[in-house]
Amino acid sequence: MEDTEWNDVLRARGIIPQKEVEITEEELNELADEAVARFNSKEYKLERATLDELDELEDEEDDRVLEMYRQRRLQEMKNVAARRLFGELRQISEPDFVREVSDASKQNWVVCHLFKDSIPACKLVNALLTRIAAQYRETKFVKIVGDHCIHGYPDRNMPTLVIYHGGDMKRQIVGIQSFPGGMSCTLADMERLLISIGAITKAAKDEDVDDEDDGKGPGRVINFASKRSQSDDSDDSDWD
């Protein structure tokens, strides 16, 4: 359809869309040639070269240029490593608590599990946190025997999670009944809980770590639901 001056007026008033810019075959070929030239350029290859590839180019390229790209690549690797500081559930002792939890939380989120080996629910939570710690390496995960951390801490309160950030405790979860699903808590349940608190983020998840749990059940490896639940501690204590 032939374009008219009236259409130009309508376009100026925003009544009809602007006319599409026509690209000639010659212009299209020029754009393609520029893209190919960019792909084959020395700068493009250097930007994407690994450290080993940069070493191989040492005899061909200017040392100063190679060193610049080498330092840039090293910094990128350091940045990735800095975001993946942890990756395991590590046991600490009472003298370590302030340094490993309170002070450490000024830099990173810290999830601390107060546990007792003989309590099945604690074994469940330890297994879940071990898996999550491997997937969310920016968050620090530690565990400590409950009555070593707080003298007289009753068995009925374990497992307990205390979650720190910015030097302060942000959340505490006391007793297996406070965890989603109780003794049927799954990896997906624990993951959602920690995300809701802010201790981990979906963006920080390491997708290279295998996730055997499908979120539909606790899984054979970490299923403690069939075992008897722990009995209440009969010792007198000031702790509820």
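Let's start with the cysteines. The sulfur of Cys-149 has its closest cysteine sulfur in Cys-112, 5.9 Å away, and that is too far for a bond. A disulfide would need the two sulfurs within 2.5 Å. Keep in mind that this is a predicted model. Searching the whole structure turns up zero disulfides. Cys-149 is buried, at 18% relative accessible area. The cut-off for buried is under 20%. Cys-185 is buried too, with a relative accessible area of 1%.

Now the overall layout. The protein chain has nine helices and five strands. Along the sequence, the pattern reads α-α-α-α-α-β-α-β-α-β-α-β-β-α. Of the 240 residues in the protein chain, 38% are buried.

On to the sheet. What is the order of its five strands? The order is β1-β3-β2-β4-β5, in an open sheet with mixed pairing. The edge strands are β1, residues 89-91, and β5, and each of them pairs on one side only. Neighbouring strands of this sheet are turned against each other by 25° on average, direction ignored. As a reminder, strands of a sheet pair through backbone hydrogen bonds, either parallel or antiparallel.

Let's walk across the pairs. β1 and β3 are parallel and share three bridges. Here Leu-89 stands opposite Phe-141 in β3. Next, strand β2, residues 110-115, runs parallel to strand β3, residues 140-145, and six bridges join the two. In that pair, His-113 faces Lys-143 of β3. At the other end, β4 and β5 run antiparallel, with six bridges between them. β5 covers residues 168-174. Its Met-169 is the bridge partner of Tyr-164.

Stay with β3 for a moment. Is it enclosed or open? Six of the six residues of β3 are buried, so the strand is largely enclosed by the rest of the structure. In a regular strand, side chains alternate between the two faces of the sheet. β3 shows the two sets: Lys-140, Val-142 and Ile-144 point one way, while Phe-141, Lys-143 and Val-145 point the other way. All of them are buried, the two lysines included. Lys-143 has a further contact. Its charged end sits over the ring of Phe-115, 5.3 Å from the ring centre.

Next, the backbone around β4. Most residues other than glycine have a negative phi, and most peptide bonds are trans. Two spots are worth a look. The peptide bond from Met-158 to Pro-159 is cis, with omega near 10°. Pro-159 lies in the loop between α8, residues 146-149, and β4, residues 160-165. The other spot is Gly-166, with a positive phi near 65°. Gly-166 is in the hairpin of β4 and β5, where two residues separate the strands.

Aromatic rings now. How many aromatic pairs are there? The count is one. That pair is Phe-97 with Tyr-164, edge-to-face, 6.1 Å centre to centre and 80° between the planes. Phe-97 belongs to helix α6, residues 97-103, and Tyr-164 to strand β4, so the pair ties together parts that are 67 residues apart in sequence. Phe-97 and Tyr-164 are both buried. So Tyr-164 does two jobs on our map: it has its ring paired with Phe-97, and it is bridged to Met-169 in β5.

Last, two helices. What span should helix α7 have? The helix holds 16 residues, 120-135, and at 1.5 Å a residue they should span 22 Å. The end C-alpha atoms are 23 Å apart, which agrees. α7 is mostly covered, with 13 of its 16 residues buried. The other helix is α9, residues 187-197, and Leu-187 is in it. Leu-187 is buried, with a relative accessible area of 3%. In sequence, Leu-187 and Leu-129 are 58 residues apart, yet their C-alpha atoms are 8.3 Å apart in space.

To recap: zero disulfides, an open sheet of five strands, a cis bond ahead of Pro-159, and one aromatic pair.

Terms used:
Residues numbered from 1 in each chain as written. Predicted model: local features only at pLDDT ≥ 70, side-chain atom pairs only at ≥ 80, totals over all residues. Heavy atoms only, no water. Helix = DSSP H or I, 4+ residues; strand = E, 2+ residues; numbered from the N terminus. Expected span 1.5 Å × (residues − 1). Buried < 20%, exposed > 50% of the residue type's maximum accessible area, 1.4 Å probe, protein only. Pairing = 2+ DSSP bridges. Phe/Tyr/Trp six-rings, centres within 6.5 Å; stacked < 30°, edge-to-face > 60°. Lys NZ or Arg CZ within 6 Å of the ring centre and 35° of its normal. Axes fitted to C-alpha atoms, helices over the stretch in contact; angles between N-to-C directions.
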